[in-house]
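User: Could you walk me through the ligand site of this model? I would like to start with the contacts.

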Amino acid sequence: MEETESIDEYILKHIDDEGDYLHALYRDTNVKLLRPRMASGHLQGRMLKMFVKMIRPKQILEIGTYSGYSALCMAEGLEEGAMLHTFEINDEQEDFTRPWLEGSPYAKKIKFYIGDALVLVPRMDVVFDLAFIDGDKRKYLEYYEMVLSKLSNGGYIIADNTLWDGHVLETPHSNDYQTIGIKRFNDFVATDERVEKVILPLRDGLTIIRKK
Ligand SMILES: C[S@@+](CC[C@H](N)C(=O)[O-])C[C@H]1O[C@@H](n2cnc3c(N)ncnc32)[C@H](O)[C@@H]1O
C-alpha cells in the first residue's frame with residue numbers, strides 16, 4: 001500500500017501540473033459534493049487531455065459530467081472550433097457545475113446539458129469523434145451501442161471504471177447491478193468485431209475503443 005502511494009506521488013510530481021483552476025475545482029468537489037471520488041483527478045485528467053491532443057476530435061461526447069473535472073480537462077486539449085458536449089442526468093448537480101464550466105477559460109468549447117444522455121444524444125444531429133463514457137455503470141452497454149451509432153468511423157470511445165476496483169474478477173451478488181453492468185460491457189466489447197480495444201489499468205481502469 002505504501003509503495004503504491006509513493007509511486008502515485010512520484011507520478012504526479014513527474015507529469016504536467018493540473019493548474020490552479022482544476023486544483024480548486026477538485027478541492028471544492030471534495031468539500032461540497034457527495035462521492036467526490038467520482039471526479040477524474042490529476043493523473044486521469046492529464047491523460048484525458050493527452051488523448052484529446054492525440055485524437056484531435058472535432059466533437060466530443062461525455063456521459064456523466066458530475067463536477068466538471070473531466071470535461072474541463074478534455075476541453076483544454078480541444079483545438080479551435082471544436083466542441084465538447086457533456087451530459088449530466090442529476091439536475092441537482094447543475095448549480096455546482098455550471099459556474100465552474102462557465103467561469104473557465106474553456107467555457108466557449110463546452111455545451112453542458114442536464115438530462116439523460118440515453119434520451120438526449122440520439123436526438124442530436126452531431127457525429128462524434130470521441131466519447132467518454134462515465135455515467136451509470138449499470139447502463140454501460142446501452143451507452144456503448146448508442147454512442148457507436150453516433151461515432152465517426154475511426155472514432156474513439158474511452159470508458160471509465162472498467163476494472164471496477166477489481167470486482168470484475170469476482171462473481172457478483174445477484175443484486176450488484178453495477179458490477180454486473182461493467183462485466184457485461186467488458187465481455188461484450190471483448191468479442192465485438194466492429195471495434196479495436198485495449199484496457200489501461202490506470203486508476204479504476206480505462207478501456208480505449210476504436211470504431212473500425
Ligand atoms: C463518475 S461521475 C462522472 C465524473 C466525471 N466524468 C469526472 O471524471 O470528473 C458519473 C456521473 O454520471 C451521471 N449520470 C448517470 N447516468 C447518466 C445518464 N444516463 N446521462 C447523463 N449523466 C448520467 C451521474 O449523475 C454522475 O454525476
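User: Which residue has a polar backbone atom 3.4 Å from a nitrogen atom of the ligand?

Analyst: Happy to help! This is a predicted model, in which local features need pLDDT of at least 70 and side-chain atom pairs count only at pLDDT 80 or more, while totals for chains, interfaces and linings use all residues. Residues are numbered from 1 along each chain as its sequence is written, and side-chain values use heavy atoms, with hydrogens and water left out. A polar contact here is a pair of N or O atoms within 3.5 Å. The backbone partner, at 3.4 Å from a ligand nitrogen, is Phe 87.

User: How far is the polar side-chain atom of Asp 116 from a nitrogen atom of the ligand?

Analyst: Two side chains can be described together here. Tyr 143 places an N or O atom of its side chain 3.1 Å from a ligand nitrogen. For Asp 116, the distance from a polar side-chain atom to a nitrogen of the ligand is 2.8 Å.

User: How much of the ligand's accessible area does the protein cover?

Analyst: Accessible areas come from the Shrake-Rupley method with a 1.4 Å probe. On its own, the ligand has 610 Å² of such area, and the share covered by the protein is 91%.

User: Which elements give two or more residues to the shell around the ligand?

Analyst: The shell residues divide into 9 nonpolar, 7 polar and 5 charged. Helices (H or I, at least four residues) and strands (E, at least two) are DSSP runs, numbered from the N terminus. The elements that give two or more shell residues are α4 (69–77) and β2 (83–88).

User: Which residues come nearest to the ligand?

Analyst: A residue counts as near if one of its heavy atoms lies within 4 Å of the molecule. There are 21 residues around the ligand, and those that come nearest are Ser 40, Gly 64, Ser 70, Glu 88 and Asp 134.

Conventions
Polar contact = N/O pair within 3.5 Å; in protein donor to acceptor, adjacent residues only side chain to side chain. Nonpolar A, V, L, I, M, F, W, Y, C, P; charged D, E, K, R; others polar.
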